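Me: I would like a close look at a single part of this model, with its surroundings described in enough detail that I can follow it residue by residue on the screen. Please give me one connected account rather than a list.

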Amino acid sequence: MSRSDPNNSGDPGRRDDERRADVPGGDPLAPSETPDDSVLLTARGIRKSFGDNEVLRSIDLEVRRGEVVVLIGPSGSGKTTVLRSLNGLETPDAGTIDFEGGPSLDFAAPIAKASRFALRDRSAMVFQQHNLFPHMTVIENVIEGPVRVQRVPKPQAIAEASALLDRVGLADKRDAYPFELSGGQQQRVGIVRALALKPRLLLFDEPTSALDPELVGEVLQVIKELADEGWTMVVVTHELGFARQAADEVLFMDGGVVVERGAPAQIFTKPTEERTRRFLDRILRPLDEDGSDSPDST
Amino acid sequence: MADGWQLFLESFWPIVVGGLTGTIPLALASFAIGLVLALAVALMRLSKNRVVSGIARFYISVIRGTPLLVQLFVIFYGMPSIGIVLDPWPSAIIAFSLNVGGYAAEVIRAAILSVPKGQWEAGYTIGMSPGTALRRIILPQAARVSVPPLSNTFISLVKDTSLASLILVTELFRVAENIAAFSGQFMLIYLEAALIYWLFCLVLSSGQSMLEKRLDRYVAQ
């Protein structure tokens, strides 16, 4: 139902070139000969309510290949819900998500399980609370997805996992249990677990918010390196310095809508929206309470 | 007094053999089947489908709300009147399995609920189906939590199997009863039977400790 696109043709807001990848007849899984900055993921009109609480009121999001999109905004603004929707952990009440060469979901109708799995096949999530499997060693955590789900032969999975662990400086921890690691190490394993799935899109949900301040840097460094290597990612974070350095596009969300979006230089230096300016003031000068309400008085 | 000691020694081994060939196999078989049943019932109870969870609720309620002895008698003495005649051993295993299924279901349900939701999500996000996530991620962690309460259930079961003597299963207590009736030394023999049950349970408790230690290896001490 959701794969065969009858709903989309009636949607005038969509551009034709984005739909070409889903044209029936082509092999949806074949690597397409698209240019490097082609659109990887398009979300349109995503809405979600929990009970009476409307968390997302029509969110549009476009992620290009190799692009780093950073979502910022006050807590409760819906950033995490956007991210979870992209990974199929939440099912939006309305809207569409199109993954290039993959599933095309219209949430107006009930979503088939298979389409939700297809969404997860293409993205991998790094959680705020790492969510490592405590009963498995580091290496077991990393190869669980490749071996159990993707049916990669175990020796190959172990070799790839070891190389990834080596890259983030955790080669000597491969046989440790998660509780034996520091918070920063745990989160780096969480990142490696996501990378091992070879996703097309990495999703980071406040990856450093649960860490002690002195451990934040080592995790951000890894994420920054991945961004520089050309991984496509959507990052929810409160680390504005990171956003400034690594982001191609910054989205400021508040109250379930995207208030403002643009290049980091524009958002951080001359935001056009009052709400964005106040949010940035609050984060950059947390103690200066007067300044946050009336920036002109300082 | 010397006679009493003599009888104690002579009857010790036969009663132990009764335990090893009756009590323990009966308890192990019933516990194994009961656990499988309990897992199924726990999952049904957690189901969002209200009919399914209602059935599980009803089953647990009946099992916990009626005496084990009555359940045993219904199966062994009652079922023949509707044409189902079962031997003592199958009757006992069915009754005890159903009983374990009811009690352990609640233990397993609580253990599954004790695993943080993020663990399910981490499983989903690496592409697992709910079934795979349950098997690979959730149950191994739930197992650790449920060992102490399930050990309780098992030790209770070992002692409850003495009820099977009433439907003619030859187990520890039935051997003891026969010796007591034959010798007339009721006090001595029944105390001896109690002692042997206790010894069995001591062994089981140490098994529990070993299992807990093994399952705790991934938890910060």
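Reply: The part to look at is Met233(A) and what surrounds it in this predicted model. Beyond its neighbours within four places in sequence, Met233(A) is in contact with Glu67(A), Val68(A) and Val69(A), with Leu201(A), Leu202(A) and Phe204(A), and with Ile223(A), Leu226(A) and Ala227(A). Met233(A) also belongs to the largest nonpolar core, a set of 125 residues, in which Ile72(A), Ile191(A), Phe204(A), Met233(A) and Val234(A) are the ones that touch the most other members. The largest share of this core, ten residues, is supplied by helix H4 of chain B, residues 88-114. As a general matter, nonpolar side chains in soluble globular proteins tend to be buried together. Apart from this core there is another, of 14 residues, which includes Leu7(B), Ile24(B), Ile189(B) and Tyr197(B).

Thr232(A) extends the picture: this residue sits in the loop between helix H7 (213-228) and strand S8 (233-236) of chain A. Thr232(A) counts as buried because its relative accessible area is 4%, which is under the 20% limit. A polar atom of the Thr232(A) side chain lies 2.7 Å from the backbone nitrogen of Gly66(A). Once neighbours within four places in sequence are set aside, the contacts of Thr232(A) take in Leu40(A), then Val63(A), Arg64(A), Arg65(A), Gly66(A) and Glu67(A), and finally Arg200(A), Leu201(A) and Leu202(A). Glu67(A), Leu201(A) and Leu202(A), which appear in that list, are also among the contacts of Met233(A).

For the setting in chain A, the secondary structure consists of eleven helices and ten strands, and 53% of the 298 residues count as buried. Of the contacts in chain A with a separation of 6 or more, 65% are between residues 24 or more positions apart. The area that chain A exposes is about 13400 Å², with 48% of it supplied by carbon and sulfur atoms.

Turning to the boundary with the other chain, 23 residues of chain A are in contact with 21 residues of chain B. About 2000 Å² is buried between chain B and chain A, and carbon and sulfur atoms give 62% of that area. On the chain B side, Thr125(B), Ile126(B) and Tyr218(B) lose the most area to chain A, together 33% of what that side buries. The interface holds two salt bridges by the rule applied, and the side chains of Arg136(B) and Glu144(A) meet in a salt bridge at 2.7 Å, N to O. Eight residue pairs are counted in polar contact between chain B and chain A. Helix H5 (117-125) and helix H6 (130-160) of chain B are the elements that give two or more residues to the side of chain B that touches chain A, and H5(B) provides the largest share of that side, eight residues.

On the chain A side of this boundary, Val149(A) is worth following, a residue of helix H4 (residues 138-149) of chain A. Leaving aside neighbours within four places in sequence, Val149(A) is in contact with Glu144(A) and, in chain B, with Ile126(B), Gly127(B) and Met128(B). Val149(A) counts as partly exposed because its relative accessibility is 25%. Asp121(A) is 28 residues away from Val149(A) in sequence, and their C-alpha atoms are 9.6 Å apart in space.

Terms used. Residues are numbered from 1 along each chain as its sequence is written. Chains are lettered from A and ligands numbered from 1 in the order in which they are written. This is a predicted model: local features need pLDDT of at least 70, side-chain atom pairs count only at pLDDT 80 or more; totals for chains, interfaces and linings use all residues. Side-chain values use heavy atoms; hydrogens and water are left out. Helices (H or I, at least four residues) and strands (E, at least two) are DSSP runs, numbered from the N terminus. Buried means under 20% relative accessible area, exposed over 50%, partly exposed in between (1.4 Å probe, protein chains only). Contact means heavy atoms within 4.5 Å. Accessible areas come from the Shrake-Rupley method with a 1.4 Å probe; for residues, only the protein chains shown count as cover. A nonpolar core is a set of buried Ala, Val, Leu, Ile, Met, Phe, Trp, Tyr and Cys residues joined through side-chain atoms within 4.5 Å. Buried area is the accessible area (1.4 Å probe) that two parts lose on being put together, summed over both. A salt bridge is a side-chain nitrogen of Lys or Arg within 4 Å of a carboxyl oxygen of Asp or Glu. A polar contact is a pair of N or O atoms within 3.5 Å; within protein, one must be able to donate a hydrogen and the other to accept it, and residues adjacent in sequence count only if both atoms are side-chain atoms.
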